[in-house]
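Here is a short set of exercises to work through with the model open beside you. Try each task before you read its solution.

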Amino acid sequence: QVQLVESGGGLVQAGGSLRLSCAASGRSFSNYAMGWFRQSPGKEREFVATISRSGRSTSFADSVKGRFTISRDSAKNTVYLQMNSLKPEDTAVYSCAARAQQGYYSSSYYSQANNMDYWGKGTLVTVSS
């Protein structure tokens with residue numbers, strides 16, 4: 001019943017910043033752990049970041065740690081991915097995903113794409129050099 005729509009992608013020069021948004025509609029956004037994943041042509045889908053239902057716990061891939069931040073706004077039913085110091089290798093289609101968090105938060109669990117139940121269609125981020 002959850003629908004996710006990403007926005008905010010575009011073309012940016014290396015070293016620049018973008019903020020992606022994922023707007024959720026449907027049941028109980030506050031009960032869902034959320035994640036961001038990305039995929040480039042010819043490559044496997046890659047974990048980027050995840051956030052617990054409360055927003056108090058987050059996890060990041062080593063490749064983006066220190067540069068990206070994930071957050072959520074319960075009043076707006078939206079999760080964000082703030083991307084700073086962008087590199088050409090960050091170029092990809094970025095998708096948000098959701099799964100109900102029934103108990104405690106496990107970053108390792110929610111970093112696995114096949115554990116997520118709902119997906120947006122993605123937004124393209126292109127970083128030029």
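**Exercise 1. A strand residue and its surroundings**

Is Ala100 buried or partly exposed? Work out its setting as well.

Solution. Keep in mind that this is a predicted model.

- Step 1: Start with the element, and you will find Ala100 in strand β9.
- Step 2: Turn to accessibility. Buried means under 20% relative accessible area and exposed over 50%. Ala100 has 24% relative accessibility, so Ala100 counts as partly exposed.
- Step 3: List the contacts, skipping neighbours within four places in sequence. Ala100 then meets Asn31, Tyr32 and Tyr110.
- Step 4: Take one distance. Ser28 is 72 residues away along the chain, yet its C-alpha atom is separated from that of Ala100 by 8.8 Å.

**Exercise 2. Across to the helix**

Follow the contact from Ala100 to Tyr110, and describe the residue you reach.

Solution.

- Step 1: Tyr110 belongs to helix α1, which covers residues 107–110.
- Step 2: Its relative accessibility is 5%, so Tyr110 counts as buried.
- Step 3: Without residues up to four places away in sequence, Tyr110 touches Ala33, Phe37, Thr50, Arg99, Ala100, Gln101, Gln102, Tyr105 and Met116.
- Step 4: For a distance, try Ala98, 12 residues apart from Tyr110 along the chain: their C-alpha atoms are separated by 8.7 Å.

**Exercise 3. The disulfide**

Which cysteines form a disulfide, and which parts of the chain does the pair tie together?

Solution.

- Step 1: Search the whole structure; one disulfide turns up.
- Step 2: Identify the partners. They are Cys22 and Cys96, with sulfur atoms 1.9 Å apart.
- Step 3: Place both partners. Cys22 lies in strand β3 (residues 18–25) and Cys96 in strand β9 (residues 92–100), so the pair ties together parts 74 residues apart in sequence.
- Step 4: Find the handedness. The torsion about the S-S bond of Cys22 and Cys96 is about 55°, so this disulfide is right-handed.
- Step 5: Check accessibility. Cys22 is buried at 0%, and Cys96 is buried with a relative accessible area of 0%.

**Exercise 4. Two further residues of β3**

Describe Ser21 and Ala24, one after the other.

Solution.

- Step 1: Ser21 is in strand β3, and Ser21 is buried, with a relative accessible area of 15%.
- Step 2: Leave aside neighbours within four places in sequence, and the contacts of Ser21 are Val5, Glu6, Ser7, Trp36, Thr78, Val79 and Tyr80.
- Step 3: Ala24 is also found in strand β3. Its relative accessibility of 13% makes Ala24 buried.
- Step 4: By that same sequence rule, Ala24 is in contact with Gln3, Leu4, Phe29 and Asn77. The C-alpha atoms of Ala24 and Val2 are separated by 6.7 Å, with their positions 22 residues apart along the chain.

**Exercise 5. The cavity**

How much space lies in the largest cavity, and which residues line it?

Solution.

- Step 1: Count the cavities of 30 Å³ or more; there is one.
- Step 2: Read the volume: the largest cavity holds about 40 Å³ of space.
- Step 3: Name the lining, which consists of Val2, Ala24, Ser25, Gly26, Arg27, Phe29, Tyr32, Met34, Asn77 and Ala98. The elements giving two or more residues to this lining are β3 and β4 (32–39).
- Step 4: Sort the lining by class, which gives six nonpolar, three polar and one charged residues.

**Exercise 6. The nonpolar core**

How many residues are in the largest nonpolar core, and which have the most contacts inside it?

Solution.

- Step 1: The core has 36 residues, and those with the most contacts inside it are Met34, Trp36, Phe68, Leu81, Met83 and Tyr94.
- Step 2: Strands β3, β4, β5 (46–51), β7 (68–73), β8 (78–83), β9 and β11 (123–128) each give at least two residues to this core.
- Step 3: Take Leu81 as an example. Apart from neighbours within four places in sequence, its contacts include Leu18, Leu20, Trp36, Val48, Phe68, Ile70 and Tyr94.

**Exercise 7. Positive phi**

Where do Asn77 and Ser85 lie?

Solution.

- Step 1: Asn77 sits in the loop between β7 and β8, and Ser85 in the loop between β8 and β9.
- Step 2: Phi is near 50° in Asn77, a positive value in a residue other than glycine. For Ser85, phi is likewise near 50°.
- Step 3: Asn77 is partly exposed at 29%, and Ser85 is partly exposed at 41%.

Key: Residues numbered from 1 in each chain as written. Predicted model: local features only at pLDDT ≥ 70, side-chain atom pairs only at ≥ 80, totals over all residues. Heavy atoms only, no water. Disulfide = S-S within 2.5 Å. Helix = DSSP H or I, 4+ residues; strand = E, 2+ residues; numbered from the N terminus. Buried < 20%, exposed > 50% of the residue type's maximum accessible area, 1.4 Å probe, protein only. Contact = heavy atoms within 4.5 Å. 1 Å grid on protein atoms, 1.4 Å probe; cavity = no way out; pocket = protein on both sides within 12 Å on 5 of 7 lines; lining within 4 Å. Points joined across faces, edges and corners; volume = space filled by probe spheres on them. Nonpolar A, V, L, I, M, F, W, Y, C, P; charged D, E, K, R; others polar. Core = buried A, V, L, I, M, F, W, Y, C linked by side-chain atoms within 4.5 Å.
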